[in-house]
Amino acid sequence: MDLYREDVLDHYEHPRNQGELTGEGVESARDSNASCGDMVQFYLKIKKGRIEEVKWKGIGCAITTAAASKLSEYLRGRTLQEIRKMSEEDLLSKGIGFTVNPGRMKCLMLPVAVVRKVLGN
Amino acid sequence: MFDPKVLRRDFPILTREVKGKPLVYLDSAATSQKPREVLLAEKEYYEQHNANVHRGAHTLGDEATQLLAKARQTVARFVGVREGEVIFVRNTTEALNLVAYTWGLDNLKQGDTMVTTVMEHHSNLVPWQEVARRTGAKVEVVGVTSEGLLDLAEYQQKLTLAPKLVAFGHVSNALGTINPVKKMTKMAHKAGAVVVVDGAQAVPHMGVKVNQIGCDFYAFSGHKMLGPMGIGVLVGRREILDPMSPFLTGGGMINEVTRENSTWADLPDKFEAGTPNVAGAVGLASAIDYLERLGMEEVRGHDKQIVEYALQEFYKVRNLVILGPKDANYRSGSVSFEYQGVHAHDVATILDSEGVAVRSGHHCTMPLHKSMGITASVRASFNVYTTKEDIKKLVEALQKVKTVFGK
């Protein structure tokens, strides 16, 4: 598969939902890959068990950036229960929707790890 | 000078394809490829001579023991030391840990100082941090100049702290910088320190004579110098090795064992507990034979030519910031760069799609990258089989980075 296919590059060049959230019901967490200097922080605004708003910020390679962008789109509007039930693999396949070779898995996993941290699993 | 294009035929792996394109292997500082004769030497050892060494009065046992001894002689001659001063280990990391966990823990105490440099591979920094943590000693780190050379003024200044141990690399794996090891050793000895040199990136590319450098310990790996993985060397001066405690204990390294106590075998056996990697040693000796046939002066001549060519071609590419000295006389083995605006891992993945293998990341030098204000870089690294065409293909492949990212 071509890693740098068009929709991935599009998400890298025009990341969706970048920014920060504050206020009531906002949960946040961050994590980094020390080895490549990438950092991602997610903000989820939760109301009545549903993810009402998603923002994220960070620095990273194209893979991490596109993955965070795609994941942020996927999360919005879904229930906590639904997301908490999803395994890492589910979040990768459904939430991010593209994959990479084993050497780059850490880049793809960073946003997933951060979202799971926000949700406490 | 040898022709790398002809010599490539000796390296079976260089004929393979990656992603449907001919492999362009530019990651030799991570590990070199191996000539056919090294692979055959290991195979022949297992097919014809394999037995455990130093025990049993049978023919194969004798042959294996002799082969190990001969490999040791080859290594000793190659780096200019006596046979008993060559200790076989797994790799450079293990060699440096051996020094840390024996000489280091035995001789350092609260308030003592060790000096190392910011351009070290983690394997020549973390073991000293560990010694510091366990003994209460501290580690002082010498920086680099804006030209990518070791800051010798700061080095001199740190030596006034009267360190007990000074550790530095011969050639930087990330900057490619060749350090003036002979001079640095003399300075450190004058300050009363024991000197440890990490030679992992030097021995593959230039004639290294440890006796002329004058350091107390010198470490290197077989797999970066056309030899197999899993065999490395710690060279130590006999006078300092003799009174040292052993590292690992058990079989092969003892003289006499009673229920209560043991006495240690003579050098080098004292530091080689357990069954050694005989096939690896045989393979390493075969790699040395190969390098010596080429001639180490020629090997360095080719290395310098390739580094010079890579510098020249990389400087022409927009968006590349080259790390380390600009003058190939001060460099060996690799050229690292930052592609501005594109993450090093993305550059490497795109290069891989063109069959070009490079290293991306911090190359086990996180403090160095931090000191330069970057998180990751791309490293192209070379060995005797590297051709100017390899460099050209890398530069061509960089065009794809531009196409994909528009930068």
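How many bridges join β2(A) to β3(A)? The count is 9, and the two strands run antiparallel. Keep in mind that this is a predicted model. Below is a quick tour of chain A, then the spot where it touches chain B, then a few features of chain B.

**Chain A overall**
- Chain A has 5 helices and 3 strands, and reading along the sequence gives the pattern α-β-β-β-α-α-α-α.
- With a radius of gyration of 13 Å, close to the 14 Å that the globule rule gives for 121 residues, chain A is as compact as a globular protein of that length.
- Its C-alpha trace spans about 40 × 25 × 25 Å along the principal axes of chain A.

**The chain A sheet and its helices**
- The 3 strands of this open sheet come in the order β1-β2-β3 (chain A), with antiparallel pairing.
- At the edges sit β1 (26-33) and β3 of chain A, each of which pairs on one side only.
- From one strand to the next, the twist averages 15°.
- For a landmark in the β2(A)–β3(A) pairing, look for Lys45(A), which stands opposite Glu53(A) in β3(A).
- The loop between β2 (38-47) and β3 (50-59) of chain A holds Lys48(A), a residue other than glycine whose phi is nonetheless positive, near 50°.
- Two helices lie across strands here: α2 (residues 62-75) of chain A covers β2 and β3 of chain A, running at about 170° to β3(A).
- The other is α5 (residues 105-118) of chain A, which lies across β1 and β2 of chain A and runs at about 150° to β1(A).

**Where the chains touch**
- Chain A puts 11 residues into the contact and chain B puts in 10.
- On the chain A side, those residues break down into 7 nonpolar, 3 polar and 1 charged.

**A helix pair in chain B**
- Helix α3 (residues 59-79) and helix α10 (residues 278-294), both of chain B, have axes that come within 9 Å and cross at roughly 40°.
- That crossing angle makes α3(B) oblique to α10(B), and the crossing is left-handed.
- From α3(B), the residues that meet α10(B) include Leu67(B), Leu68(B), Ala71(B), Val75(B) and Phe78(B).
- Their counterparts in α10(B) include Val278(B), Val282(B), Ala285(B) and Ile288(B).
- By class, the residues of this helix contact divide into 12 nonpolar, 1 polar and 1 charged.
- In the loop between β12 (262-264) and α10 of chain B you'll find Pro268(B), which is joined to Leu267(B) by a cis peptide bond with omega of about -5°.

**A four-stranded sheet in chain B**
- Here 4 strands make an open sheet in the order β13-β14-β17-β16 (chain B), and the pairing is antiparallel.
- β13 (320-322) and β16 (359-361) of chain B each have a single partner strand, so one side of each is left without a neighbour in the sheet.
- The twist in this sheet averages 30° from one strand to the next.
- Strand β17 (residues 377-381) of chain B runs antiparallel to β16(B), joined to that strand by 3 bridges.
- One bridge to look up pairs Gly361(B) with Ser377(B) in β17(B).
- Helix α12 (residues 344-353) of chain B lies across β14 (334-339), β16 and β17 of chain B, and runs at about 160° to β16(B).

Notes: Residues are numbered from 1 along each chain as its sequence is written. Chains are lettered from A and ligands numbered from 1 in the order in which they are written. This is a predicted model: local features need pLDDT of at least 70, side-chain atom pairs count only at pLDDT 80 or more; totals for chains, interfaces and linings use all residues. Axes are lines fitted to C-alpha atoms, for helices over the stretch in contact, and angles run from 0 to 180 degrees between N-to-C directions. Angles under 35 degrees count as roughly parallel, over 145 as roughly antiparallel, 65 to 115 as roughly perpendicular and the rest as oblique. A crossing is left-handed if the near helix is turned anticlockwise from the far one by less than a right angle, and right-handed if clockwise. Two residues are in contact if their C-beta atoms, placed from the backbone, lie within 7 Å. Ala, Val, Leu, Ile, Met, Phe, Trp, Tyr, Cys and Pro count as nonpolar, Asp, Glu, Lys and Arg as charged, and the others, Gly among them, as polar. Two strands pair if DSSP finds at least two bridges between them. The radius of gyration is taken over C-alpha atoms; the globule rule is 2.2 Å times the number of residues to the power 0.38.
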